[in-house]
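Please open the structure in a viewer and keep a selection panel at hand. The tour below proceeds from one selection to the next and describes what is found at each.

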Amino acid sequence: MADERAINPQAPAQTVPLQPYASVSDQIAMIPLHYPLRRRWLIGLGISALFTGLLVVAIGYLFYAGVGIWGINSPVFWGLAIANYVWWIGLGNAGTLISALLLLLSQQWRNSLNRFAEAMTLFAVFCAALFPIIHLGRPWFFYWLLPYPNVMALWPQFRSPLVWDVFANVIYLLVSIIFFYIGLIPDLATVRDKARGRVGQVFFGVLSLGWRGSAAHWQRWRRTYRFCAALAVPLVVSVHSGVAMLFSVGQLAGWQTTIFPPYFVMGAMFSGFGVVAMIAVVLRSTFRLDSLVTIRHLDLLGKVLLASGLMTSYGYIMDAFTAWYSGDPFERATLFDRFGGAYAWSYWAAVILNFVVIQGLWFGAVRRDPMWLFFIGASVMIGMWFERYMLVVTTLYHDFLPSSWGWYVATFWDWALLAGTIGLFFFLFLLFVRFLPMISIFEVKEVLREERVEARHAPSR
Amino acid sequence: MASLPPANDSPSVDPTAKVAPDLATLRHRLASGTGRRFWRSLEDLAESDDFRRFVEAEFPAALELSETSRRNFLRLMAAPMMLGGLAACGDMPDEKALPYINQPEILVPGKALYFATATLFEGYAQPVLAETHVGRPTKLEGNPDHPMAGAGTTDAFAQAAVLELYDPDRSRAITFLGRIATWDAFQGVTVGLRDRLRENKGGDLRILIDTVTSPTLRRQLDDLRAAFPQARLHHFEPVGAALRHQGTLRAFGRPLDVHYRLENAAVIVSLEDDIFGPGPSQVRHAAQWSQRRRDHQQDGDLTRLHVAESTPTLTGALAGTTLNAASQRMPVLLANLAGSLGVGEGNTAEAALTQGEQAWVRTAAGELAAHRGIGLLALGAHLPADAQALAHRVNHALGNAGVTVVYSEPVGLAATDEASALLALAEAMAAGEVETLVVLGANPVYTAPADLDFANRMDRVSLRIHAGLYYDETASHCHWHIPLTHPLESWSDARAVDGTASMLQPTVKPLFGGKSVHEVVATLLGQLNATAYDLLRETWDACLGGDEKAWRQVLNDGFVADSVAQTEAPAPQGAAAEVSLAIGVPASGEASGLEAIFRPDPCVWDGRFSNLAWLQELPKPLTKLTWDNVLAISARLAEGLDLGAGDEAELTVKGRSVRGPVWILPGQAERTITVFLGYGRSRAGRVGDGAGFNGYAVRTSAEPWAVPGAALRRTGKRLRLATTQNHATMDGGDFVRTMSVTEARAAHPDEPLAPTFYPQWEYPKYAWAMSIDLDLCIGCNACVVACQAENNIPVVGKEQVEAGREMHWIRVDRYYEGGLDRPDRTLFQPLPCMHCEQAPCEVGCPVNATVHGPEGLNQMVYNRCVGTRTCASYCPYKVRRFNFFEYAATDSPLLQAQRNPNVTVRARGVMEKCTYCVQRISAARIEAQKEGRPIRDGEVVTACQSACPTQAIVFGNQADPDSGVSRRQQSPRQYTLLRELNTRPRTTYQARILDKASDGEA
Amino acid sequence: MAQIFSPGADIWLRVAMIAVASVVVGLLLVGGGVVRSDYMTRQNVVREQPVPFSHQHHVAGLGLDCRYCHTSVEQSATAGFPPTHTCMTCHSQIWTDAPVLEPVRQSLATGTPLRWTWVNKLPQFVYFNHSIHVSKGVGCVTCHGQVDTMPLMRRGQPLLMQWCLDCHRNPAPNLRPREAVFDMTWTPPADREAFGKALVERYHIDVGNLTHCYICHR
Amino acid sequence: MPQADNPRALLLEFATGDDLLAAAGRVREAGYRQLDAFSPFPLEGLAETIGDKATRIPWFALIGGAAGALGGLFMQWYANVVSYPLNIGGRPLASWPAFILPAFELAVLGAVLAAVMGMLIENGLPRLHHPVFEAERFGCASDDRFFLWIASSDPHLSYPAGRAVLDDLGAVAIHEVPA
């Protein structure tokens, strides 16, 4: 660490320190081929497999006994399941957004981050997609939410935000996979060519579809890739707006506010960036990728995190303000209940972890210190979970008629699902770092080339 | 069908063959619905091995029966399969059953048949029409033709009677020493018994029985006395109104029943008389009161109610002014009241009153004085006889007697002479004077006051015979137990509280082959072959002169015309001075420590309904608790003893003590502890066993109602209580609107609907709507149970209620206004689905499982529901209920037999809610369509509406300006719940009018 | 570097891709087909019965009216199964010792009912009412098929919700005069459409409101 | 320069992208037409230089997106207005604002699928076996080397002049791709 800070001054000048192309290929492509840290990886995989097992058990028992095993009740018909869902889908927004948005803005520094950011997105969305199905009272009829020709001559109810979510999530997942894969093809070719073993050659050979990197390929590929990026950005926005409307379409105090869609999108980006920051720090230290994921990357991540955090905070403030300014007694009651009610802890946890903590990012020293960045990222991730919990529960447990007021306490099985999905996430992510190039090889090379060109034209320092 | 005589009817007597056609014609217009669903579910059932196993497990009796009769039993369960109705004829040994196969004009497959009969509550008949589907009673409605006020409606207990019929825990076999025996064996025993009794004139025979109003049974008991002059009849009702007879004895020299005529009363002053609370007269009183109220809602001359009570009651909740005073203060208050009205001495005692008491007495006295002849002074049935007598004198002096209160010869057995009391029996048993004890219906081992040590003393009796519906605590202490038939499955008769003789006819063949109480008594008399039907005919042929036509008429009507008790208003005997109020109670309780009072539980009464899950899970009107009884205390006392709701406390009375959870009851007298009876049973059945604590354990025969010198101690344990309403106040909302008489007259309905972006959907032909007049609602819960019975609403159990998962489609919200110690107001609000025209729930549903119908119904389609629970989350009224687990399917097949075949039984993971009883709407629509006419107003009556004793609920077509509901909506008190949300509900309310006395106009 | 894949590999890859795609599509198509097939709907499937009762013989042969056995079809939701006694009204006279009728005689003797197998059975959450359909001029044949041609009873129609809706959306083509409801041989006049429309008018059929959920589900 | 009998093509290897770009330009000026170029990462303008014509992918995407959007809107309108009209919470049958979101999602899906399909088809992918893989140095094409492909069938190869051009392109090496 110390030496890095020492070379730090020049770091901002170039995203990735000058180095031969081959070294990039070797550093990254070699990881899938002969994996450096087998034991640690296996241990990690084992642990996450355990939690994934817990997930399987929790879902099995859920299907056997019914959603009654959760803490939900009347009036709190939605509990942890929905909070987790919103949380996961939020995390699942950052990857694609970072990758696509920064690509369009041709922010070269993205090239070291987008790959694992996108992977993270995929797995998070996958975890999220579980919840809408398992939280059904009769999950075996989940396909009734899809439009298909059936003998009942019935359709989904397209005015329902749940149907919007079905469309949004399924399509978002598909598009993310495609975007991820398209971006991966050239690197798969690289790995293929590096591979010596027959298995590796065939495996990556097929996956890379016989990519040759010919000029025409590249030209069309780049067109498509930018296209997907351009479409992915509004898609991400629409996805989380849809999720927000899951709440704001209802007439309940604390849900029905117009700020929800942007507020949720910001929150999603925010939490996502938090996680990306964490992953970046972990990967670079684990795999010694300091020369690819540099301090400058962390610095930039920190800035983005701070920015999106402040936007989210704006959402908090406006949400509270409109509630108060509306003068509507129920809106106000809900607001004050969030401040001081039975579930105030969830509100203040969200405020502290999502707003107070990130203020540290104003300081470059903090941004550039991987440890600090990691912890702030973690704080954001947890804080956003509290926010989801707060939004779901505080609105439901005290709605309009005091006679129907209730309470909510999550049961073991609620928590089991959260733990289980986290386990599943890590399981998938570990497979990813083991078998696929976790950083975009060719895009880093692109960066290098431009830096060389710069270096050639600019008077060398 | 179902009204067939039991199997062993002799061919000569075959009433229904002739009765049936009349029934058919009479009931045709009532008949509706289809039995199809049942038919199937039970078909599958009877086939399945599970069912067979169930039979073996659940019906040892059935196993004992011979192979053929067992098959018959199975067939009975499978009745709906054979639309011919064979089943209802049961195991008729001979061919006589067959002719009934082709009587389609009686039993149209899939059409409901209605029988006029009655259920029993504390021995009094509760007239009902039993709806049966192919020989299976499923629902009870009031009998509108019955002369008793409010007979067209029912209370919660009557609604639950049909569940009692199917209760799988009812005793199923005659047992001797706990082992299954036969009827013949028992009859054999009685032969020997009779010989001995003939010698000693029955000197050592004691019969213990609860309230008896049945003319036939009384006739039989008289015969018994005649046969065994020395035999002693004891008579015990754990709650009852025995002291009323003592009171009238003191006042008029003979025991009389007291009948209120609330429809004539402009002012009611009640000292602890829970006129509108649960009890045999609840429906009657509610009907009388609401009749006058409905007439005067416009002119504002509403009945004014002043109540002094130690523990809150539904009556207190309606009152304009309530005074909270210890129960033992009542006589003193009465003395002062009487004194200031110039009756008896005691005005001197004024000094003994607190400020508050004096003020209240002055108001009450003033009101009574100002309304001579149209006022009523009501005294709690549990207050001392002297006090009762004094009250009668007051009413007589004010000229109220004969107008607002009348008297009649006791409808049941007069309970006045000491010799017939339970105490006498207990002592006799202790003294070993009792050789033979026959307990008919009563359950003294559980309900007898603790000091009688009844169980042990009873064990000294050498022959103990018990006949009852359940193998209960008493049965377990008896040699012989004979299962009695349920009122809905046997021939009998009984009088309603107004004295009208009502007929009980079987709606189904005895499920467990029980014996009617008449047959048991007949056996004692040696009439071994007499059937209940014979004995009944015997009684009534005597009265009706054997006129067959008249008898048929009686069966059709369900009651004997003009058999109502003759009422009178006798003059009190002797001078008021003779009445002594030898009760000195200090003004404030400190000196005498705490006062413990005993009250029946509003849901399971004295414990007789403990095993009825509907009633166990029915939220108690005031506490909204389920599945438990509590020690109700005042907030002050709770503070003093550092007790919170749910804390366990030990109540010690006269050396006996009991532990139970305390509950803070707003409006409870400061130092009074209310012990609710009816819980802590050990042999109630799977539902009732172990729930709550046994209040009888600290009750004494000397002071069965109120005991001074009680002590309460905190044990430090916390007990879990399941309440359905956690928040007691409206938090500034105006969900239940109230207005003074003047406001009510000035008021105008809600301003027109707020604007909307959405198109105006038209409901030209039918627009179903419900209107609930909160000014008439007394919070009695009848609607809740009626809805449960009609709509197959599952019971979920204490844990689930605790988790907030109760399933009631209509709930009665209870709000308090004012202080915790003495709330100014207790308000009730029945809350079914609002059927919003712009329903938030429908928008949320992703699969079109809840949509809007062309008649404005918010339709819930169970079989399309995937259970996202979005609709419920979006519902601002939280009236939707979710099947978090498989609630319904777990019911025993017997209970499933009660289910309404026209309502789908909801599966796990499915949302459900009030449908405005759409099955009734559909039935009406189909009938109307077939006759090519529109549906008439009042043709569709929802279950809650038909049960409501005050007619607070009106349902109908708001597109028709003349319909009842439309007229209701014109009321100046009309308002919409949460109108600001612009959901445009079809269920609307009328504001409650506050008693003049309470809005400063008095 | 050397070739990793043989020239043939591409063919195989493409074949594989097409195969996967067609399998997926195929499964969907087959699934859709099965749901609508007689196998699932039980249409035209003869069911095992305690007595091989022949509608063909009794209806076409003897000319019995439907209502002779299904007595409550005009008043009630259920058409009603004939009680044993109904069978015996004739079979106490004729075929008195025919072995096929043994179960019927047994039922009469022991008082145990015959257990017919349901042929036209709807799910429990569907509340079909015979009487209203009959009174609005929907013939037995329309839903039960030509039972007079069925030696053994089978389902004449799929009884899928889709199928119910077809008629509830546009009843006209399926209506007949009330007097022809129980007529097995009734044939519509030339101008079916207009004829049906006329009946819709005459019987005040509330077309348009027949498709809302509570018509059949509760 | 090794001479195999009639190779399929010549493969000129370069150390940097700039060299390749320059070389490609020169060769093209020299009149070569049957060219292709390979690089480990996209090089701006390389395709134009060797004379590949512009792609039609944007059109694919446009059509796909339009189809998705219109199809989505039509489906929802048909379901709610024609197929099974139901009163949902008093909302209009055709609740266009509510239909927008699914329609948009479908538009995105359509566009993306169309673009990707178009790219694969135009690129003739997947193609596991390709002559260029025969060249043993070609493995570096995905690592750090840049290649220019000249098909043997290109007439200019047979002219000495044309041949001469190749010698001073600054190629690190010239390989032959066996037939």
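## Chain B: a helix and its ends

Select Gly558(B), which follows directly after helix α21(B) and adopts a positive phi of about 90 degrees. The model on display is a predicted one. Extend the selection backwards to α21(B) itself, residues 548-557, where the buried residues are Trp551(B), Arg552(B), Val554(B), Leu555(B), Asn556(B) and Asp557(B). At the N-terminal end of α21(B), display the side chain of Asp547(B), which acts as the cap. One of its side-chain oxygens is placed 2.8 Å from the backbone nitrogen of Lys549(B).

## Chain B: sheet β1-β2-β3

Next, select residues 112-121 and 136-142 of chain B, which are β1 and β3, together with residues 124-133, which are β2. These three strands make up an open sheet in the order β1-β2-β3, with antiparallel pairing. Strands β1(B) and β3(B) are at the edges with a single partner strand each, so one side of each has no neighbour in the sheet. On average, neighbouring strands of this sheet are turned by 35 degrees against each other, direction ignored. Between β1(B) and β2(B), which run antiparallel, there are 10 bridges. To inspect one position of this pairing, show Phe121(B), which stands opposite Tyr124(B) in β2(B).

## Chain B: strand β23 and its two partners

Move to residues 647-653 of chain B, strand β23, where six of the seven residues are buried. Add residues 706-718, strand β26(B), which runs antiparallel to β23(B) and is joined to it by five bridges. Within that pairing, Ala649(B) has Arg714(B) as its bridge partner.

Now add residues 656-664, strand β24(B), which pairs with β23(B) over six bridges in the antiparallel sense. Here Val653(B) is opposite Arg656(B). The two strands β23(B) and β24(B) form a hairpin with two residues between them. In the turn, Lys654(B) has a positive phi of about 50 degrees.

## Chain B: sheet β8-β13-β19

A further open sheet of three strands has the order β8-β13-β19 in chain B, and its pairing is antiparallel. Select residues 257-260 (β8) and 567-568 (β19) of chain B for the edge strands, each of which pairs on one side only. Then add residues 405-408, strand β13(B), which is paired with β19(B) over two bridges. Tyr407(B) is found opposite Glu568(B) in β19(B).

## Chain B: two buried loop residues

Centre the view on His486(B), in the loop between β16 (480-483) and β17 (492-495) of chain B. Is His486(B) buried or exposed? Its relative accessibility is 0%, so His486(B) counts as buried. Display Glu164(B) as well: its side chain and that of His486(B) are joined by a polar contact of 3.0 Å.

Continue to Tyr916(B), in the loop between β35 (911-912) and α30 (918-930) of chain B. Tyr916(B) is not a glycine, yet its phi is positive, at about 60 degrees. With a relative accessible area of 1%, Tyr916(B) is buried.

## Chain A: a helix pair and two loops

Switch to chain A and select helix α9 (residues 260-286) with helix α10 (residues 295-326). Their axes come within 8 Å and cross at roughly 155 degrees. Angles over 145 degrees count as roughly antiparallel, and α9(A) and α10(A) are therefore roughly antiparallel to each other. The crossing of α9(A) past α10(A) is left-handed. Colouring this contact by residue class will show 17 nonpolar, six polar and two charged residues.

Select Trp405(A) next, in the loop between α14 (370-397) and α15 (412-435) of chain A. Trp405(A) is buried, at 13% relative accessible area. Show Val76(A) too: its C-alpha atom is 8.9 Å from that of Trp405(A), although the two are 329 residues apart along the chain. Then select Pro75(A), in the loop between α3 (38-65) and α4 (80-104) of chain A. The peptide bond joining Ser74(A) and Pro75(A) is cis, with omega about 10 degrees.

## Chains D and C: final stops

In chain D, a cis peptide bond joins Leu125(D) and Pro126(D), with omega about -5 degrees. Pro126(D) is located in the loop between α4 (96-123) and β3 (146-151) of chain D.

Finish at Arg42(C), in the loop between α2 (38-41) and α3 (55-61) of chain C. Arg42(C) has a positive phi, near 65 degrees, and counts as partly exposed at 34% relative accessibility.

Technical notes:
Residues are numbered from 1 along each chain as its sequence is written. Chains are lettered from A and ligands numbered from 1 in the order in which they are written. This is a predicted model: local features need pLDDT of at least 70, side-chain atom pairs count only at pLDDT 80 or more; totals for chains, interfaces and linings use all residues. Side-chain values use heavy atoms; hydrogens and water are left out. Axes are lines fitted to C-alpha atoms, for helices over the stretch in contact, and angles run from 0 to 180 degrees between N-to-C directions. Helices (H or I, at least four residues) and strands (E, at least two) are DSSP runs, numbered from the N terminus. Angles under 35 degrees count as roughly parallel, over 145 as roughly antiparallel, 65 to 115 as roughly perpendicular and the rest as oblique. A crossing is left-handed if the near helix is turned anticlockwise from the far one by less than a right angle, and right-handed if clockwise. Ala, Val, Leu, Ile, Met, Phe, Trp, Tyr, Cys and Pro count as nonpolar, Asp, Glu, Lys and Arg as charged, and the others, Gly among them, as polar. Buried means under 20% relative accessible area, exposed over 50%, partly exposed in between (1.4 Å probe, protein chains only). A polar contact is a pair of N or O atoms within 3.5 Å; within protein, one must be able to donate a hydrogen and the other to accept it, and residues adjacent in sequence count only if both atoms are side-chain atoms. Two strands pair if DSSP finds at least two bridges between them.
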